[in-house]
Structure formats: C-alpha cells, structure tokens
Amino acid sequence: MLENSAGTGDRAARELERIRAITDEAFAHMDVDEFLDTLLDRLRRILNVDTAVVLLLDRQRRFLVATAAKGIEEEVSQAAHVPVGQGFAGRVAAERQAVYIADVPTAGVFNPLLVQRGLRSLLGVPLIGGGSLVGVLHVGTLVPRRFTEDEIELLRLAASRVAMAVQSLTSRAERAGARELQRSLVPAALPDIPGAELTARYRPGKASVGGDWYDVFTLPSGEIGIVMGDVAGHGLGAAVVMGRMRSALRAYALESTDPSEVLRRLDRKMQHFEPDATATVLYAVFDPGLRRVRLSSAGHCPPILALPGEPAQPVEAKPDVLIGLGDDMPRETMTLALPPGALLCFYTDGLIERRDASLNAGIERLRRAVSAGPPEDVGAAVMAALIGREQAEDDVALLIIRRLPG
C-alpha cells in the first residue's frame with residue numbers, strides 16, 4: 001500500500017510548477033542534453049532519490065538508450081541500452097505505465113549497472129508525447145523506498161513535460177543539423193567551365209529540410225557532369241541519405257560516362273545499403289564545349305531546353321524507374337545536340353509542384369519563364385514567376401547551364 005498525505009501533495013504541486021518553469025524556459029536557450037541534466041538534478045532533490053535516468057527510444061524503436069543520468073552517470077558513458085519489453089525500463093516502455101520495483105537485486109533487471117550500484121527500489125514512467133513513446137524516465141534509491149501516489153503522479157507529470165520538450169528540442173536540433181548538412185553538400189560555388197555559363201539557386205521550404213540536391217563536376221575525360229536529385233522524405237534522415245547518394249554517384253561517375261549505367265549502379269547500391277530510401281535523380285554528361293549532352297532520368301522532372309529564337313520546351317526524356325525501386329530494370333540514355341546559345345534548366349519538383357494545380361501545369365509555367373538568355377537573368381525570371389514573394393512549401397533547387405552563343 002502506497003502512502004499519501006496532503007502535505008506531500010502540496011509540495012509536489014509546488015515542485016511541479018518549478019518543473020514547468022524549467023521546461024518552458026529550456027526551449028529558449030538549452031539543447032537536449034543541458035535540459036535533461038537540469039531537470040534530472042531538480043527531480044533528485046524534489047523526490048529525495050539517489051539516481052535519475054532518461055532513456056530515449058532509438059530510431060528503429062527497438063532499444064532504449066541511456067541519454068542522461070544523475071547519480072549513475074556510467075549508464076550514459078557506457079552507452080547502456082535496453083530492448084523494449086525486457087527488464088525494468090523495457091517493461092515500462094512496453095506497458096506504457098508506471099512500474100515500481102521494491103527490491104532491485106531480486107527483480108531480474110536487464111541492466112546490471114542498477115544492481116552493481118546497489119540500488120534497492122526503482123520507479124519508472126514512460127515518456128509519451130503526442131501519443132508516441134519517446135522513452136522512459138526512472139528514479140532509484142539505495143535504501144528500500146515506497147513512493148507515495150503524489151510522488152508517482154509528480155513523476156508522470158514531469159515525464160509528460162520531458163517528452164514534449166525532448167520532441168521539440170530534438171526536432172529543432174535535427175532541422176538545424178539537416179540544414180547545415182544540406183548546405184555543406186550543395187556546391188559553394190559553381191566551377192568555371194570553358195564555353196559555358198551557369199547559375200544555381202537553392203531555397204529550403206517551409207517544411208523541414210528535405211533531400212534535394214544538385215551537383216556539377218568535371219570528369220577526367222573533360223566532360224561535365226550535372227546532377228539534380230530529390231530524396232523522398234524530410235528531415236535529417238533524408239539529408240543524410242542525400243549525402244550518401246551524392247558521394248556514391250560521384251564515385252560511379254568516375255567509372256562510367258554513360259548516365260544510365262551510373263544510375264543503374266547507384267540504384268543497386270541504394271537497394272542493398274539503403275533499402276527503404278527512394279529518390280528521383282537526373283544525371284547529364286556534357287561533351288567538352290557543350291556540343292551535346294547525354295542524360296538519363298530516374299523518375300525526375302524533365303529539364304527545360306531553350307534554343308535561340310524558339311520557345312522553350314520540356315525535354316522528352318523517358319523517366320525510368322526511381323532510384324530504390326529499379327530491381328535491375330533497364331535504364332536509357334538519350335542524346336541532345338546543343339547548338340550555340342542553347343540553354344538547359346534543371347530543377348526539383350518543389351519549384352513547380354502546387355497543391356491546387358497539376359504537375360504539368362507547373363511545368364508549363366516554368367516553360368514560359370525559360371528562354372535562351374543569360375542564365376542569371378533566366379534564373380531570376382524563373383524564381384519570380386514560380387516562387388514570387390511566397391516561400392515554397394518544399395525545397396527548391398534550380399540549375400541553369402547555357403552554351404555560349406557563337
């Protein structure tokens with residue numbers, strides 16, 4: 001039978017208000033680690049316990065990983081982790097309710113550190129935010145201890161605040177990390193290519209950062225490689241996959257100058273090492289001097305071709321299956337002649353896709369904005385016509401290359 005008292009309840013209510021103040025204030029200036037350290041320190045004092053630990057669910061949602069600890073810091077330094085459903089913390093996560101252990105040495109806990117430190121009693125509660133399991137918060141004592149109903153409720157309420165704060169702070173950190181990663185992988189400056197003019201634009205969307213990227217590089221043969229790609233999904237995961245794809249494509253581009261073969265190898269690599277990832281990719285290889293270009297599309301939007309004195313038109317490139325879904329399906333390379341003054345516009349679907357219009361309507365708007373003029377002027381015209389004053393919902397990548405006139 002757990003104890004209860006009006007005095008304990010009043011103290012718990014006062015301390016909960018302090019916890020709320022911490023969690024609200026933490027959003028402004030703390031990262032996840034600082035926030036958890038501050039909160040666990042306060043919980044130890046409030047509940048008069050010897051240890052306080054937060055374990056967070058890993059990305060595969062299979063393990064609880066010790067992320068912050070007070071009084072038993074080696075849980076974190078030794079990277080302690082507990083399978084969901086096993087041991088004390090795993091049971092809290094699986095059952096999603098408070099679990100109390102009166103005598104740790106005889107309870108068969110999964111983590112030997114809890115026994116080695118001489119803990120006798122444990123109380124754990126799940127961290128649940130927005131209906132999703134985030135992790136587990138538990139406290140422990142070196143002497144036998146019965147926790148009151150008010151103390152259990154205090155830990156539950158603290159866990160609720162922790163879960164929301166961790167989700168918010170983690171999301172903020174991941175957005176910042178994804179944005180920095182993406183910026184580091186997009187060329188800081190376009191290369192100087194004899195006989196060519198280039199310009200590029202990249203703008204993150206309103207939503208979390210996605211996996212859009214472009215790339216321009218010179219091959220040992222003197223040919224020029226241009227890539228435009230879009231990894232499915234958003235956030236840090238999509239940005240990480242994008243970085244791996246970019247590196248792999250560059251490596252395969254050194255082994256073959258056939259765009260379809262490069263995409264075939266990229267698809268094979270992604271299906272083996274990143275089986276859950278999909279992406280659209282357009283890869284083009286320009287001859288030195290830009291007299292012709294060979295390109296292959298893995299489900300990507302068609303580039304826009306503008307010839308001097310003629311209306312711009314989408315390139316009729318066959319969109320082969322997306323990267324990640326190829327399953328050894330054939331891929332094709334098409335060849336385009338580029339007379340002097342010809343311009344090609346590459347882009348991702350964030351530039352043309354709108355909720356209230358079809359993709360074809362977006363391509364038509366883009367076609368009307370493209371001409372065989374100086375790439376900087378064309379890029380400005382395209383962004384004005386398709387983006388205007390509003391920030392796009394999705395990431396926007398745009399790359400324009402023109403063979404110099406005459």
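The exercises below, each with a worked solution, concern strands and helices in a predicted model.

**Exercise 1.** Find the order of the strands in the open sheet of six strands, and state which strands form its edges.

*Solution.* Begin by reading across the open sheet, where the six strands follow the order β3-β2-β1-β6-β5-β4 and the pairing is antiparallel. Next, look for strands that pair on one side only, which leads to β3 (81-83) and β4 (99-101) as the edge strands. Finally, follow the twist, which averages 25° from one strand to the next.

**Exercise 2.** Describe how β4 is joined to β5, and identify the bridge partner of Tyr100.

*Solution.* First locate strand β5 at residues 121-129, which runs antiparallel to β4 and is joined to it by three bridges. Then take Tyr100, whose bridge partner in β5 is Leu123.

**Exercise 3.** Determine which strands helix α2 and helix α4 lie across.

*Solution.* Start with helix α2 (residues 32-47), which lies across β1 (51-57), β2 (63-70) and β6 (132-141), and which runs at about 65° to β2. Continue with helix α4 (residues 87-95), which lies across β1, β2, β3, β4, β5 and β6, running at about 40° to β5.

**Exercise 4.** Explain why strand β9 is described as largely enclosed, and then describe its pairing with β10.

*Solution.* Recall that a residue is buried when its relative accessible area is under 20%. In strand β9 (residues 224-234), eight of the eleven residues are buried, and therefore the strand is largely enclosed by the rest of the structure. Turning to the pairing, β9 and strand β10 (residues 279-286) are antiparallel and share eight bridges; as one example, Val231 has Ala279 as its bridge partner in β10.

Conventions:
Residues are numbered from 1 along each chain as its sequence is written. This is a predicted model: local features need pLDDT of at least 70, side-chain atom pairs count only at pLDDT 80 or more; totals for chains, interfaces and linings use all residues. Side-chain values use heavy atoms; hydrogens and water are left out. Two strands pair if DSSP finds at least two bridges between them. Helices (H or I, at least four residues) and strands (E, at least two) are DSSP runs, numbered from the N terminus. Axes are lines fitted to C-alpha atoms, for helices over the stretch in contact, and angles run from 0 to 180 degrees between N-to-C directions. Contact means heavy atoms within 4.5 Å. Buried means under 20% relative accessible area, exposed over 50%, partly exposed in between (1.4 Å probe, protein chains only).
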